[in-house]
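Dear colleague,

I am passing the structure below on to you, and I have written up after it what was found. Please read the notes with the model open beside them.

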Amino acid sequence: MAKEKTCFACTSCGYETTRWVGRCPACGAWNTMEETVATPAMKAAPQKAAKQRGGTGATALLLKDIPEDAVERTTTGISELDRVLGGGIVEGGLMLIGGDPGIGKSTLLLQVCANLCRDGKKVLYISGEESAKQIKLRARRLGIDVPNLYVLAENALDGVEEKLMKLSPDVAVVDSIQTMYRPEMASAPGSVSQIRECTSLIMRLCKETGTAIFLVGHVTKEGAIAGPRMLEHMVDVVLYFEGDRQQEYRLLRAVKNRFGSVNELGVFQMTQQGMQVVPNPSEQLLSHRAKGASGSVVFCGLEGSRPLLCDVQALTAPSYFGTPRRTVGGADNGRVALLLAVLEKRCGQRTSNQDVYVNVAGGLELSEPAADLALCMAVASSLKDEAVGAQTAVMGEIGLAGEVRAIPQCDRRIAECARLGFTTILLPRENMKRVTAPEGVKLIGVGTVMQALSVLF
(Lines give C-alpha, C1' and ligand atoms only; values in the text may rest on other atoms or scores of the structure.)
Protein backbone atom coordinates (compact mmCIF):
# COMPACT_ATOMS: atom_id res chain seq x y z
CA MET A 1 0.00 0.00 0.00
CA ALA A 2 1.39 3.39 -0.96
CA LYS A 3 2.29 5.70 1.89
CA GLU A 4 0.04 8.73 2.29
CA LYS A 5 1.68 12.00 1.37
CA THR A 6 1.62 14.66 4.06
CA CYS A 7 2.21 18.38 4.12
CA PHE A 8 2.45 21.07 6.78
CA ALA A 9 -0.22 23.77 6.93
CA CYS A 10 -0.24 26.97 8.97
CA THR A 11 -3.21 27.10 11.34
CA SER A 12 -3.17 30.90 11.21
CA CYS A 13 -3.18 31.69 7.48
CA GLY A 14 -3.47 28.31 5.72
CA TYR A 15 -0.03 28.40 4.01
CA GLU A 16 1.13 24.89 2.98
CA THR A 17 4.65 23.53 2.62
CA THR A 18 6.22 20.09 2.24
CA ARG A 19 8.54 20.46 5.25
CA TRP A 20 8.12 21.73 8.78
CA VAL A 21 9.37 25.21 9.63
CA GLY A 22 9.26 26.99 12.97
CA ARG A 23 7.95 30.26 11.51
CA CYS A 24 5.32 30.50 8.79
CA PRO A 25 6.85 32.16 5.67
CA ALA A 26 3.49 33.76 4.77
CA CYS A 27 2.20 35.35 8.00
CA GLY A 28 5.25 35.14 10.25
CA ALA A 29 3.49 33.25 13.08
CA TRP A 30 5.60 30.91 15.20
CA ASN A 31 4.83 27.22 15.89
CA THR A 32 1.66 27.16 13.79
CA MET A 33 2.66 24.50 11.23
CA GLU A 34 0.69 21.28 11.65
CA GLU A 35 1.09 18.09 9.66
CA THR A 36 -1.92 17.09 7.57
CA VAL A 37 -2.64 14.60 4.83
CA ALA A 38 -2.05 16.17 1.43
CA THR A 39 -5.07 16.14 -0.86
CA PRO A 40 -4.12 14.25 -4.03
CA ALA A 41 -4.48 16.13 -7.25
CA MET A 42 -7.39 14.84 -9.34
CA LYS A 43 -6.46 14.11 -12.95
CA ALA A 44 -9.57 14.98 -14.89
CA ALA A 45 -10.09 13.59 -18.37
CA PRO A 46 -10.08 16.24 -21.11
CA GLN A 47 -13.64 15.48 -22.11
CA LYS A 48 -15.03 15.69 -18.57
CA ALA A 49 -16.20 18.92 -17.02
CA ALA A 50 -14.33 20.41 -14.11
CA LYS A 51 -15.47 19.29 -10.67
CA GLN A 52 -15.37 22.76 -9.20
CA ARG A 53 -18.70 24.48 -8.74
CA GLY A 54 -19.64 27.01 -11.32
CA GLY A 55 -19.98 30.69 -10.51
CA THR A 56 -23.22 32.55 -10.00
CA GLY A 57 -23.29 33.81 -13.59
CA ALA A 58 -24.06 37.34 -12.41
CA THR A 59 -23.46 40.30 -14.69
CA ALA A 60 -21.74 43.55 -13.78
CA LEU A 61 -24.07 46.38 -12.80
CA LEU A 62 -23.56 50.07 -12.37
CA LEU A 63 -23.69 51.11 -8.73
CA LYS A 64 -26.58 53.51 -9.43
CA ASP A 65 -28.60 50.70 -11.08
CA ILE A 66 -28.44 48.32 -8.11
CA PRO A 67 -31.85 48.30 -6.36
CA GLU A 68 -31.83 49.55 -2.78
CA ASP A 69 -33.85 47.03 -0.84
CA ALA A 70 -34.29 47.82 2.83
CA VAL A 71 -32.44 45.29 4.98
CA GLU A 72 -34.95 43.53 7.18
CA ARG A 73 -33.69 42.29 10.51
CA THR A 74 -35.16 39.46 12.55
CA THR A 75 -35.00 39.95 16.29
CA THR A 76 -33.66 37.03 18.30
CA GLY A 77 -35.82 37.70 21.36
CA ILE A 78 -32.65 38.37 23.40
CA SER A 79 -32.06 42.12 23.68
CA GLU A 80 -28.32 41.95 24.44
CA LEU A 81 -27.65 39.71 21.43
CA ASP A 82 -29.69 42.02 19.18
CA ARG A 83 -27.58 44.96 20.42
CA VAL A 84 -24.33 43.17 19.56
CA LEU A 85 -25.63 42.09 16.13
CA GLY A 86 -26.64 45.67 15.33
CA GLY A 87 -30.40 45.22 15.68
CA GLY A 88 -31.03 41.57 14.82
CA ILE A 89 -30.30 38.85 12.26
CA VAL A 90 -29.86 39.92 8.63
CA GLU A 91 -31.21 37.63 5.91
CA GLY A 92 -28.40 35.60 4.35
CA GLY A 93 -25.88 36.65 7.01
CA LEU A 94 -23.09 34.32 8.13
CA MET A 95 -22.23 34.79 11.82
CA LEU A 96 -19.38 33.19 13.78
CA ILE A 97 -19.45 32.82 17.58
CA GLY A 98 -16.31 31.78 19.45
CA GLY A 99 -15.51 31.25 23.11
CA ASP A 100 -14.00 28.92 25.69
CA PRO A 101 -15.55 25.47 26.24
CA GLY A 102 -18.56 25.58 28.55
CA ILE A 103 -19.00 29.35 28.43
CA GLY A 104 -22.51 29.11 26.96
CA LYS A 105 -22.31 29.31 23.15
CA SER A 106 -24.56 26.33 22.44
CA THR A 107 -26.96 27.26 25.25
CA LEU A 108 -27.44 30.79 23.93
CA LEU A 109 -27.97 29.62 20.34
CA LEU A 110 -30.51 26.99 21.42
CA GLN A 111 -32.44 29.75 23.23
CA VAL A 112 -32.27 31.88 20.08
CA CYS A 113 -33.64 28.99 18.02
CA ALA A 114 -36.56 28.57 20.43
CA ASN A 115 -37.42 32.29 20.32
CA LEU A 116 -37.34 32.31 16.51
CA CYS A 117 -39.58 29.23 16.35
CA ARG A 118 -42.12 30.93 18.61
CA ASP A 119 -42.20 33.78 16.11
CA GLY A 120 -43.11 31.35 13.33
CA LYS A 121 -39.64 30.95 11.78
CA LYS A 122 -38.35 27.64 10.48
CA VAL A 123 -35.05 26.82 12.23
CA LEU A 124 -32.56 23.98 11.73
CA TYR A 125 -30.01 23.11 14.45
CA ILE A 126 -27.09 21.11 13.03
CA SER A 127 -24.87 19.44 15.63
CA GLY A 128 -21.61 17.70 14.85
CA GLU A 129 -20.66 17.22 18.51
CA GLU A 130 -23.86 16.02 20.20
CA SER A 131 -26.52 13.52 19.31
CA ALA A 132 -30.14 14.49 18.83
CA LYS A 133 -31.00 12.97 22.24
CA GLN A 134 -28.39 15.11 23.99
CA ILE A 135 -29.84 18.24 22.43
CA LYS A 136 -33.30 17.11 23.53
CA LEU A 137 -32.04 16.78 27.12
CA ARG A 138 -30.53 20.28 27.03
CA ALA A 139 -33.76 21.73 25.61
CA ARG A 140 -35.74 20.06 28.40
CA ARG A 141 -33.38 21.50 31.03
CA LEU A 142 -33.83 24.98 29.55
CA GLY A 143 -37.62 24.58 29.38
CA ILE A 144 -37.71 24.70 25.56
CA ASP A 145 -40.66 22.96 23.90
CA VAL A 146 -41.35 24.24 20.38
CA PRO A 147 -42.92 22.20 17.56
CA ASN A 148 -41.08 23.64 14.54
CA LEU A 149 -37.41 23.27 15.54
CA TYR A 150 -35.54 20.76 13.36
CA VAL A 151 -32.45 18.99 14.75
CA LEU A 152 -29.84 17.29 12.56
CA ALA A 153 -26.86 15.34 13.97
CA GLU A 154 -24.49 15.23 10.99
CA ASN A 155 -20.78 15.83 10.28
CA ALA A 156 -20.58 15.35 6.51
CA LEU A 157 -21.18 18.70 4.85
CA ASP A 158 -22.64 17.11 1.73
CA GLY A 159 -25.50 15.72 3.83
CA VAL A 160 -25.87 19.06 5.59
CA GLU A 161 -26.10 20.85 2.24
CA GLU A 162 -28.80 18.46 1.02
CA LYS A 163 -30.92 18.96 4.16
CA LEU A 164 -30.49 22.73 4.02
CA MET A 165 -31.62 22.87 0.40
CA LYS A 166 -34.57 20.58 1.12
CA LEU A 167 -35.84 22.33 4.29
CA SER A 168 -34.82 25.88 3.27
CA PRO A 169 -34.98 27.20 6.87
CA ASP A 170 -34.96 30.88 7.78
CA VAL A 171 -32.12 30.41 10.29
CA ALA A 172 -29.66 27.56 10.82
CA VAL A 173 -26.99 26.80 13.44
CA VAL A 174 -23.83 24.76 12.75
CA ASP A 175 -22.27 23.53 16.00
CA SER A 176 -19.37 23.48 15.36
CA ILE A 177 -17.50 24.32 12.14
CA GLN A 178 -14.44 22.35 13.33
CA THR A 179 -16.43 19.08 13.29
CA MET A 180 -17.64 19.45 9.70
CA TYR A 181 -15.83 17.76 6.82
CA ARG A 182 -16.18 17.13 3.11
CA PRO A 183 -15.89 13.39 2.32
CA GLU A 184 -13.99 13.90 -0.96
CA MET A 185 -11.10 15.54 0.92
CA ALA A 186 -8.49 13.28 2.52
CA SER A 187 -7.67 15.58 5.46
CA ALA A 188 -9.25 15.12 8.88
CA PRO A 189 -12.09 17.29 10.28
CA GLY A 190 -10.75 20.44 11.91
CA SER A 191 -7.75 20.75 9.60
CA VAL A 192 -7.00 23.98 7.80
CA SER A 193 -8.15 22.73 4.40
CA GLN A 194 -11.40 21.23 5.75
CA ILE A 195 -12.37 24.39 7.69
CA ARG A 196 -11.59 26.55 4.67
CA GLU A 197 -13.62 24.45 2.23
CA CYS A 198 -16.56 23.91 4.61
CA THR A 199 -16.85 27.60 5.45
CA SER A 200 -16.65 28.51 1.77
CA LEU A 201 -19.51 26.13 0.94
CA ILE A 202 -21.66 27.38 3.83
CA MET A 203 -21.02 30.99 2.79
CA ARG A 204 -22.22 30.21 -0.73
CA LEU A 205 -25.36 28.55 0.66
CA CYS A 206 -26.11 31.65 2.75
CA LYS A 207 -25.93 34.00 -0.21
CA GLU A 208 -27.84 31.73 -2.61
CA THR A 209 -30.70 30.65 -0.33
CA GLY A 210 -30.99 33.67 1.98
CA THR A 211 -30.69 31.48 5.09
CA ALA A 212 -28.95 33.17 8.02
CA ILE A 213 -26.45 30.76 9.58
CA PHE A 214 -24.68 30.82 12.95
CA LEU A 215 -21.32 29.04 13.10
CA VAL A 216 -19.89 27.95 16.44
CA GLY A 217 -16.09 28.05 16.50
CA HIS A 218 -13.64 26.43 18.90
CA VAL A 219 -10.87 28.61 20.33
CA THR A 220 -7.18 27.91 20.88
CA LYS A 221 -5.37 28.26 24.21
CA GLU A 222 -4.50 31.85 23.21
CA GLY A 223 -8.23 32.64 22.90
CA ALA A 224 -8.34 33.00 19.09
CA ILE A 225 -10.77 30.99 16.96
CA ALA A 226 -9.13 27.75 15.83
CA GLY A 227 -8.45 27.40 12.13
CA PRO A 228 -7.04 29.69 9.46
CA ARG A 229 -7.32 33.44 10.00
CA MET A 230 -9.27 33.71 6.75
CA LEU A 231 -12.20 32.09 8.56
CA GLU A 232 -12.95 35.44 10.22
CA HIS A 233 -12.54 37.27 6.91
CA MET A 234 -15.10 35.07 5.15
CA VAL A 235 -17.98 35.56 7.59
CA ASP A 236 -20.11 38.68 8.03
CA VAL A 237 -20.13 38.87 11.84
CA VAL A 238 -17.58 37.67 14.41
CA LEU A 239 -18.68 37.46 18.05
CA TYR A 240 -16.50 36.46 21.01
CA PHE A 241 -17.66 35.24 24.41
CA GLU A 242 -15.39 36.62 27.14
CA GLY A 243 -15.20 35.78 30.82
CA ASP A 244 -14.45 32.68 32.82
CA ARG A 245 -16.79 29.80 33.54
CA GLN A 246 -16.29 30.44 37.27
CA GLN A 247 -17.35 34.10 36.95
CA GLU A 248 -20.91 35.30 37.31
CA TYR A 249 -21.11 37.37 34.11
CA ARG A 250 -20.39 36.48 30.49
CA LEU A 251 -19.54 39.21 27.99
CA LEU A 252 -20.42 38.88 24.29
CA ARG A 253 -18.36 41.25 22.14
CA ALA A 254 -18.57 41.98 18.39
CA VAL A 255 -15.15 42.34 16.76
CA LYS A 256 -16.46 42.37 13.18
CA ASN A 257 -19.90 43.32 11.88
CA ARG A 258 -20.72 44.16 8.27
CA PHE A 259 -24.26 45.12 9.29
CA GLY A 260 -23.57 47.30 12.34
CA SER A 261 -21.00 48.85 14.64
CA VAL A 262 -18.13 46.85 16.10
CA ASN A 263 -16.98 46.65 19.72
CA GLU A 264 -20.55 46.44 20.98
CA LEU A 265 -20.89 44.51 24.24
CA GLY A 266 -23.65 42.31 25.60
CA VAL A 267 -23.73 41.21 29.24
CA PHE A 268 -25.24 37.85 30.21
CA GLN A 269 -25.55 35.78 33.35
CA MET A 270 -25.51 31.97 33.31
CA THR A 271 -28.36 30.47 35.35
CA GLN A 272 -30.20 27.16 35.57
CA GLN A 273 -32.65 28.52 32.97
CA GLY A 274 -29.84 29.32 30.51
CA MET A 275 -28.24 32.61 29.53
CA GLN A 276 -30.16 35.49 31.10
CA VAL A 277 -29.84 39.13 30.01
CA VAL A 278 -28.37 41.60 32.53
CA PRO A 279 -30.58 44.67 31.91
CA ASN A 280 -28.52 47.18 33.94
CA PRO A 281 -24.89 46.00 33.94
CA SER A 282 -23.47 49.16 35.55
CA GLU A 283 -25.68 48.75 38.59
CA GLN A 284 -24.89 45.03 38.81
CA LEU A 285 -21.11 45.58 38.57
CA LEU A 286 -21.21 48.14 41.40
CA SER A 287 -23.66 46.25 43.63
CA HIS A 288 -20.92 44.45 45.60
CA ARG A 289 -18.62 47.45 45.92
CA ALA A 290 -17.07 47.97 49.36
CA LYS A 291 -17.92 51.58 50.15
CA GLY A 292 -15.54 53.44 52.45
CA ALA A 293 -12.58 51.20 51.64
CA SER A 294 -9.32 52.65 50.36
CA GLY A 295 -8.07 51.73 46.89
CA SER A 296 -11.51 51.66 45.25
CA VAL A 297 -12.48 54.13 42.51
CA VAL A 298 -15.48 54.15 40.15
CA PHE A 299 -14.73 54.65 36.45
CA CYS A 300 -17.16 55.03 33.53
CA GLY A 301 -15.87 53.34 30.37
CA LEU A 302 -17.35 52.95 26.90
CA GLU A 303 -18.01 49.55 25.38
CA GLY A 304 -19.08 50.34 21.84
CA SER A 305 -22.03 52.70 22.24
CA ARG A 306 -22.73 51.70 25.85
CA PRO A 307 -21.33 53.58 28.88
CA LEU A 308 -20.45 51.09 31.61
CA LEU A 309 -19.48 51.86 35.21
CA CYS A 310 -17.00 49.58 36.94
CA ASP A 311 -15.03 49.37 40.18
CA VAL A 312 -11.26 49.87 39.73
CA GLN A 313 -9.41 48.44 42.74
CA ALA A 314 -5.78 48.75 43.83
CA LEU A 315 -3.86 47.40 46.80
CA THR A 316 -0.33 48.37 47.84
CA ALA A 317 1.81 46.61 50.42
CA PRO A 318 5.49 46.97 51.43
CA SER A 319 7.72 44.72 49.35
CA TYR A 320 10.25 42.44 51.03
CA PHE A 321 12.01 41.49 47.79
CA GLY A 322 14.47 43.31 45.59
CA THR A 323 11.94 43.57 42.76
CA PRO A 324 8.40 44.57 43.84
CA ARG A 325 5.51 42.57 42.46
CA ARG A 326 3.10 44.01 39.90
CA THR A 327 -0.06 41.93 39.50
CA VAL A 328 -2.72 43.31 37.16
CA GLY A 329 -6.15 41.92 36.30
CA GLY A 330 -8.47 43.59 33.77
CA ALA A 331 -5.95 46.19 32.53
CA ASP A 332 -2.76 46.34 30.49
CA ASN A 333 0.36 45.44 32.48
CA GLY A 334 2.59 47.87 30.61
CA ARG A 335 0.09 50.71 30.99
CA VAL A 336 -0.07 50.21 34.78
CA ALA A 337 3.75 50.23 35.00
CA LEU A 338 3.78 53.53 33.06
CA LEU A 339 1.22 55.10 35.42
CA LEU A 340 3.16 53.99 38.49
CA ALA A 341 6.26 55.69 37.08
CA VAL A 342 4.27 58.91 36.53
CA LEU A 343 2.98 58.78 40.11
CA GLU A 344 6.49 58.45 41.48
CA LYS A 345 8.23 60.96 39.19
CA ARG A 346 5.57 63.69 38.93
CA CYS A 347 3.63 63.33 42.17
CA GLY A 348 6.16 62.08 44.71
CA GLN A 349 4.11 58.95 45.47
CA ARG A 350 6.76 56.29 46.08
CA THR A 351 5.79 52.94 44.60
CA SER A 352 9.25 51.45 43.93
CA ASN A 353 9.25 49.76 47.36
CA GLN A 354 5.62 48.63 47.18
CA ASP A 355 3.94 45.52 45.81
CA VAL A 356 1.05 46.79 43.68
CA TYR A 357 -2.05 44.75 42.86
CA VAL A 358 -4.64 46.13 40.42
CA ASN A 359 -7.99 44.56 39.61
CA VAL A 360 -11.13 45.52 37.67
CA ALA A 361 -14.09 43.93 39.40
CA GLY A 362 -16.60 41.91 37.37
CA GLY A 363 -14.18 40.45 34.80
CA LEU A 364 -14.10 43.53 32.55
CA GLU A 365 -11.05 44.36 30.42
CA LEU A 366 -10.18 48.08 30.35
CA SER A 367 -8.32 48.94 27.16
CA GLU A 368 -9.10 52.64 26.70
CA PRO A 369 -6.69 55.32 28.02
CA ALA A 370 -9.59 57.12 29.73
CA ALA A 371 -9.13 54.73 32.68
CA ASP A 372 -5.65 56.13 33.50
CA LEU A 373 -6.78 58.68 36.08
CA ALA A 374 -9.00 56.17 37.88
CA LEU A 375 -6.11 53.68 38.08
CA CYS A 376 -3.76 56.33 39.47
CA MET A 377 -6.28 57.52 42.05
CA ALA A 378 -6.96 53.94 43.19
CA VAL A 379 -3.21 53.33 43.74
CA ALA A 380 -2.81 56.68 45.53
CA SER A 381 -5.85 55.91 47.70
CA SER A 382 -4.30 52.65 48.82
CA LEU A 383 -0.90 54.28 49.42
CA LYS A 384 -2.46 57.00 51.61
CA ASP A 385 -5.00 54.55 53.09
CA GLU A 386 -7.73 57.15 52.45
CA ALA A 387 -11.01 56.28 50.75
CA VAL A 388 -12.39 58.15 47.75
CA GLY A 389 -15.96 59.40 48.18
CA ALA A 390 -18.61 56.74 47.55
CA GLN A 391 -20.51 59.07 45.17
CA THR A 392 -17.41 60.15 43.20
CA ALA A 393 -16.49 58.94 39.70
CA VAL A 394 -13.09 59.53 38.05
CA MET A 395 -12.10 59.51 34.37
CA GLY A 396 -9.25 60.91 32.27
CA GLU A 397 -6.15 60.04 30.23
CA ILE A 398 -2.68 60.72 31.63
CA GLY A 399 0.45 61.71 29.70
CA LEU A 400 4.07 61.14 30.68
CA ALA A 401 4.39 64.73 31.90
CA GLY A 402 1.59 64.13 34.40
CA GLU A 403 -0.99 66.10 32.43
CA VAL A 404 -4.62 64.96 32.24
CA ARG A 405 -5.80 64.80 28.63
CA ALA A 406 -9.33 65.03 27.21
CA ILE A 407 -11.37 61.88 26.60
CA PRO A 408 -14.06 61.17 23.94
CA GLN A 409 -17.84 61.14 24.49
CA CYS A 410 -17.58 62.63 27.96
CA ASP A 411 -21.23 63.76 27.96
CA ARG A 412 -22.49 60.16 27.69
CA ARG A 413 -20.26 59.06 30.55
CA ILE A 414 -21.49 61.92 32.73
CA ALA A 415 -25.14 61.08 31.97
CA GLU A 416 -24.60 57.45 33.00
CA CYS A 417 -22.91 58.50 36.25
CA ALA A 418 -25.75 60.90 37.03
CA ARG A 419 -28.35 58.20 36.31
CA LEU A 420 -26.79 55.94 38.95
CA GLY A 421 -26.68 58.68 41.58
CA PHE A 422 -23.07 59.91 41.49
CA THR A 423 -22.86 63.52 42.62
CA THR A 424 -19.16 64.33 42.00
CA ILE A 425 -17.27 63.61 38.76
CA LEU A 426 -13.55 64.24 38.32
CA LEU A 427 -12.70 64.75 34.64
CA PRO A 428 -10.14 66.50 32.39
CA ARG A 429 -10.26 70.30 32.33
CA GLU A 430 -10.42 70.30 28.51
CA ASN A 431 -13.72 68.41 28.58
CA MET A 432 -15.28 71.04 30.87
CA LYS A 433 -15.56 73.39 27.88
CA ARG A 434 -17.93 71.09 26.00
CA VAL A 435 -20.16 69.52 28.66
CA THR A 436 -22.95 70.70 30.91
CA ALA A 437 -23.39 69.45 34.45
CA PRO A 438 -26.69 67.63 35.08
CA GLU A 439 -28.83 68.79 37.97
CA GLY A 440 -27.35 67.78 41.31
CA VAL A 441 -23.96 66.76 39.83
CA LYS A 442 -20.73 68.63 40.51
CA LEU A 443 -18.08 68.51 37.76
CA ILE A 444 -14.46 69.10 38.78
CA GLY A 445 -11.94 69.69 35.99
CA VAL A 446 -8.25 68.93 36.60
CA GLY A 447 -5.22 69.60 34.40
CA THR A 448 -2.58 67.46 36.15
CA VAL A 449 -2.42 64.38 38.34
CA MET A 450 -1.20 66.54 41.24
CA GLN A 451 -4.38 68.60 41.04
CA ALA A 452 -6.50 65.43 41.07
CA LEU A 453 -4.65 64.21 44.20
CA SER A 454 -5.21 67.56 45.96
CA VAL A 455 -8.93 67.47 45.12
CA LEU A 456 -9.58 63.91 46.31
CA PHE A 457 -7.21 63.79 49.29
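**Cavities, a pocket and a small sheet**

The largest cavity has a volume of about 50 Å³, and I should say at once that this value, like the others in this message, comes from a predicted model. Two cavities of 30 Å³ or more are present in the structure. Around the largest cavity stand Val 336, Leu 339, Leu 340, Leu 343, Val 358, Leu 375, Cys 376 and Val 379, and the elements that give two or more residues to this lining are α8 (333–347) and α9 (372–384). Helix α8 supplies the largest share of the lining, four residues. By class, the lining of the largest cavity consists of eight nonpolar residues, with no polar and no charged ones.

The second largest cavity holds about 30 Å³ of space, and its lining is made up of Leu 164, Met 165, Leu 205, Thr 209, Thr 211 and Ile 213. Here α4 (157–167) and α5 each contribute at least two residues, while the division by class is four nonpolar, two polar and no charged.

Turning to the open spaces, the second largest pocket contains about 410 Å³. Its lining comprises 23 residues, and those that lie nearest the centre of the pocket are Thr 11, Ser 12, Thr 220, Ile 225 and Gly 227. At least two lining residues come from each of β3, α5 (192–209) and α6 (230–234), so named here that you can find them in the model. In this lining there are eight nonpolar, ten polar and five charged residues.The strand β3 also belongs to an open sheet of three strands, arranged in the order β2-β1-β3 with antiparallel pairing. Its edge strands are β2 (16–17) and β3 (33–37), each of which pairs on one side only. Strand β1 (residues 6–10) is joined to β2 by two bridges, and the two strands run antiparallel; within this pair, Phe 8 stands opposite Thr 17 in β2.

One residue that you may wish to look at separately is Leu 420, which sits in the loop between α10 (410–419) and β22 (424–428). Is Leu 420 buried, partly exposed or exposed? With a relative accessible area of 23%, Leu 420 counts as partly exposed, because buried would require a value under 20% and exposed a value over 50%. Leaving aside residues up to four places away in sequence, Leu 420 touches Asn 280, Ser 282, Glu 283 and Leu 309. Between Leu 420 and Phe 268 there are 20 Å in space, C-alpha to C-alpha, and the two are 152 residues apart in sequence.

Finally, some values for the protein as a whole. It has eleven helices and 23 strands, and its C-alpha atoms fill a box of roughly 85 × 55 × 50 Å along the principal axes. Of the 457 residues, 48% are buried. Among the contacts with a separation of 6 or more, 66% are between residues 24 or more positions apart. The accessible surface of the protein amounts to about 22,900 Å², and 50% of this belongs to carbon and sulfur atoms.

With best wishes

Key. Residues are numbered from 1 along each chain as its sequence is written. This is a predicted model: local features need pLDDT of at least 70, side-chain atom pairs count only at pLDDT 80 or more; totals for chains, interfaces and linings use all residues. Side-chain values use heavy atoms; hydrogens and water are left out. Two strands pair if DSSP finds at least two bridges between them. Buried means under 20% relative accessible area, exposed over 50%, partly exposed in between (1.4 Å probe, protein chains only). Contact means heavy atoms within 4.5 Å. On a 1 Å grid over the protein atoms alone, a cavity is a set of points where a 1.4 Å probe fits but cannot get out, and a pocket is an open set with protein on both sides within 12 Å along at least five of seven lines; lining residues have an atom within 4 Å of a point. Grid points are joined across faces, edges and corners, and a volume is the space filled by probe spheres set on the points. Ala, Val, Leu, Ile, Met, Phe, Trp, Tyr, Cys and Pro count as nonpolar, Asp, Glu, Lys and Arg as charged, and the others, Gly among them, as polar. Accessible areas come from the Shrake-Rupley method with a 1.4 Å probe; for residues, only the protein chains shown count as cover.
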